[in-house]
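Colleague: Could you take me through one part of this model in detail, namely its pockets? I should also like to see the strands and helices that surround the description placed in context.

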Amino acid sequence: MTSITGYSINATPCCGKTYSTPRYRSMNFSAWEHWTDGYRDYSLMPNDHGLRKCECGGYYLIKELKTIAHAEKANAPDTTDVPAEELPKAIAQARTPEVELAARLDYWQHLNHIYRTCYRNHRDAEMSATQSAWEAANPDTRTLWQKIRKIELPKYTPQPNRPFTYPPFEPTDEQCNNMKALLDLLLPIEKNRSHLLEIAELHRELGQFDKAFMMLQQLPEEDLGVTSQLIAKLVDKKETAPIRYRM
């Protein structure tokens with residue numbers, strides 16, 4: 001469960017404008033969907049990389065804010081998210097490589113949203129066809145008495161060998177250029193070891209499977225889990241598409 005214990009009052013690094021941010025007592029990172037590019041849909045916590053827009057027009061990161069006071073209630077405006085259509089401007093005007101990195105990570109996930117829609121539609125159609133085929137093979141044989149008594153039919157249970165396909169992933173030039181620029185910012189990895197999983201996923205989506213495999217091999221043990229295992233399987237299968245999964 002996500003809960004807060006008051007607010008911090010902070011000054012921005014660009015002009016000193018004050019904004020409030022919640023002080024979290026606990027955090028719940030549950031989400032309806034998880035994706036291999038790090039995007040979470042209907043997440044209970046903010047699903048971005050800390051990029052915000054200041055009233056002066058500049059862009060900054062949440063971690064750059066300087067805390068000047070604490071309060072039980074928010075007595076300053078909330079920080080302002082950067083609209084997706086403004087991310088190219090944030091990239092072009094980035095004060096630091098860290099601000100550009102956050103903007104490009106957000107832009108990477110945003111540009112993948114079109115594919116996410118195609119993916120969801122494809123998966124829904126395939127699941128519907130699979131269930132329809134099962135229902136055709138298991139017709140309703142209940143008697144009238146059973147129907148009146150609402151005796152339930154055997155329920156459809158997804159099988160491990162059921163069809164699982166997804167549409168081809170064909171990134172645009174804009175997507176590829178942004179992913180390559182991200183890799184330029186994230187390499188050498190000695191400075192960005194906390195981003196090894198993103199580096200591996202970027203290489204995979206670009207079809208650079210050998211490089212993706214090399215990055216996965218360098219993941220520390222504490223970062224191994226559902227996401228890294230899925231990306232490794234996709235690398236092995238030479239698949240480039242962002243994939244939805246559950247934690």
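Modeller: The account below begins with the pockets and then turns to a sheet, a helix pair and one loop residue. The model is a predicted one.

The largest pocket has a volume of about 1300 Å³. Its lining consists of 44 residues, and those nearest the centre are Arg40, Pro46, Asn47, Asp48 and His49. Several elements each supply at least two residues of this lining: strands S1 (3-11), S2 (18-26), S3 (33-35) and S5 (51-53), together with helix H2 (97-111) and helix H6. Sorted by class, the lining of the largest pocket holds 18 nonpolar, 16 polar and ten charged residues.

The second largest pocket has a volume of about 310 Å³. It is lined by 13 residues, with Lys63, Glu98, Leu101, Ala102 and His195 closest to its centre. Helix H2, already named for the largest pocket, gives the most to the lining of the second largest pocket, namely five residues. By class, this second lining comprises seven nonpolar, four polar and two charged residues.

Strand S3, which contributes to the lining of the largest pocket, also belongs to an open sheet of three strands, ordered S4-S3-S9 with antiparallel pairing. Strands S4 (40-41) and S9 are the edge strands, each pairing on one side only. Between S3 and S4 the antiparallel pairing extends over two bridges. Arg40 in S4 is the bridge partner of His34, and Arg40 is also among the residues nearest the centre of the largest pocket. Helix H3 (residues 113-137) lies across S3, S4 and S9 and runs at about 120 degrees to S3.

Helix H6 (residues 196-205) also packs with helix H5 (residues 173-186): their axes come within 10 Å and cross at roughly 145 degrees. The crossing of H5 with H6 is left-handed. On the H5 side, Met179, Leu182, Leu183 and Leu186 take part, and they meet Ile199, Leu202, His203 and Glu205 of H6. The contact of H5 with H6 has six nonpolar residues, one polar and one charged.

Glu205 of H6 leads on to the loop residue Thr240, since Glu205 is one of the residues that Thr240 touches. Thr240 sits in the loop between helix H8 (226-236) and strand S9 (244-245). Beyond its sequence neighbours up to four places away, Thr240 touches Phe169, Arg204, Glu205, Gly207 and Phe209. Thr240 and Phe209 are 31 residues apart in sequence, with their C-alpha atoms 8.8 Å apart in space.

Methods
Residues numbered from 1 in each chain as written. Predicted model: local features only at pLDDT ≥ 70, side-chain atom pairs only at ≥ 80, totals over all residues. Heavy atoms only, no water. Helix = DSSP H or I, 4+ residues; strand = E, 2+ residues; numbered from the N terminus. Contact = heavy atoms within 4.5 Å. Axes fitted to C-alpha atoms, helices over the stretch in contact; angles between N-to-C directions. Left-handed = near helix turned anticlockwise from the far one by under 90°. Nonpolar A, V, L, I, M, F, W, Y, C, P; charged D, E, K, R; others polar. 1 Å grid on protein atoms, 1.4 Å probe; cavity = no way out; pocket = protein on both sides within 12 Å on 5 of 7 lines; lining within 4 Å. Points joined across faces, edges and corners; volume = space filled by probe spheres on them. Pairing = 2+ DSSP bridges.
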